[in-house]
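Good morning, colleagues. Please take a moment to look at the sequence and the model on the screen before I begin.

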Amino acid sequence: MRKVIFFIIGGVSILLFLGVTALLLPSKITIAKSILISSSQENIKQQLSDFNNWKAWYPPMQDVSSKIFFYPKKENNSVVIAGKKGKELQLINLLSSKDTVVVQVILPASSNTEYQFLLLPHGPNTTQLTLNVNTYFEWYPWRK
């Protein structure tokens, strides 16, 4: 009987420890990547702001089995990508300024993600493009 009680207390202690540890994890994670591109800031901004141009480099839009629906006249420029097994991915252009383009990525039943493109001049006809992928998690320990 003692072994069973120690086993139960040990199991509850481990679950409590994991729960408290998960609560202390950050709710936002950012991954950054930079690249130098031999093009003007305006040309790159135009490529990023128009979802029709994303077909050339964004993998979910290159999948031939996906159906792509563009909504350019809504509140924000947006696109819905209907992939395999009914999975949908929605991209919404939240902000487009001189040196920043922010795109929100919405997946059903998933964390919120933002793509933040920062454009900085880096010499004559050269631009540094920095991509920050910001993922926002809910506060529930099992979601982190």
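Aromatic pairs number 8 in this structure, which is a predicted model. A pair of aromatic rings is described by the distance of the centres and the angle of the planes. One of the pairs joins W54 and F117, with 6.0 Å from centre to centre and 85 degrees between the planes, an edge-to-face arrangement. W54 sits in the loop between helix 2 and helix 3 (59-62), while F117 belongs to strand 6 (residues 112-121), so this pair ties together parts that are 63 residues apart in sequence.

F117 also appears in my second topic, as one of the residues that line the largest pocket. The volume of this pocket is about 180 Å³. Its lining consists of I37, S39, N43, I44, Q47, L48, W57, F117, L129 and L131. Which elements give two or more residues to that lining? They are helix 2 (41-49) and strand 7 (127-136). Helix 2 provides the largest share, with 4 residues. As for the character of the lining, 7 of its residues are nonpolar and 3 are polar, and no charged residue takes part.

Let me turn, finally, to the surface. V4, F7, I8 and V12 form a nonpolar patch there, and their accessible area together comes to about 420 Å². Of these residues, V12 is placed in helix 1, which covers residues 2-24.

To summarise, I have shown an edge-to-face pair of W54 and F117, a largest pocket with F117 among its lining residues, and a nonpolar surface patch that includes V12. Thank you for your attention.

Notes: Residues are numbered from 1 along each chain as its sequence is written. This is a predicted model: local features need pLDDT of at least 70, side-chain atom pairs count only at pLDDT 80 or more; totals for chains, interfaces and linings use all residues. Side-chain values use heavy atoms; hydrogens and water are left out. On a 1 Å grid over the protein atoms alone, a cavity is a set of points where a 1.4 Å probe fits but cannot get out, and a pocket is an open set with protein on both sides within 12 Å along at least five of seven lines; lining residues have an atom within 4 Å of a point. Grid points are joined across faces, edges and corners, and a volume is the space filled by probe spheres set on the points. Ala, Val, Leu, Ile, Met, Phe, Trp, Tyr, Cys and Pro count as nonpolar, Asp, Glu, Lys and Arg as charged, and the others, Gly among them, as polar. Patches are made of residues with over 30% relative accessible area and no salt bridge: like charges are joined within 9 Å, nonpolar side chains (Val, Leu, Ile, Met, Phe, Trp, Tyr) within 5 Å. Accessible areas come from the Shrake-Rupley method with a 1.4 Å probe; for residues, only the protein chains shown count as cover. A salt bridge is a side-chain nitrogen of Lys or Arg within 4 Å of a carboxyl oxygen of Asp or Glu. Rings of Phe, Tyr and Trp (its six-membered ring) pair if their centres lie within 6.5 Å; planes under 30 degrees apart count as stacked, over 60 as edge-to-face and the rest as tilted.
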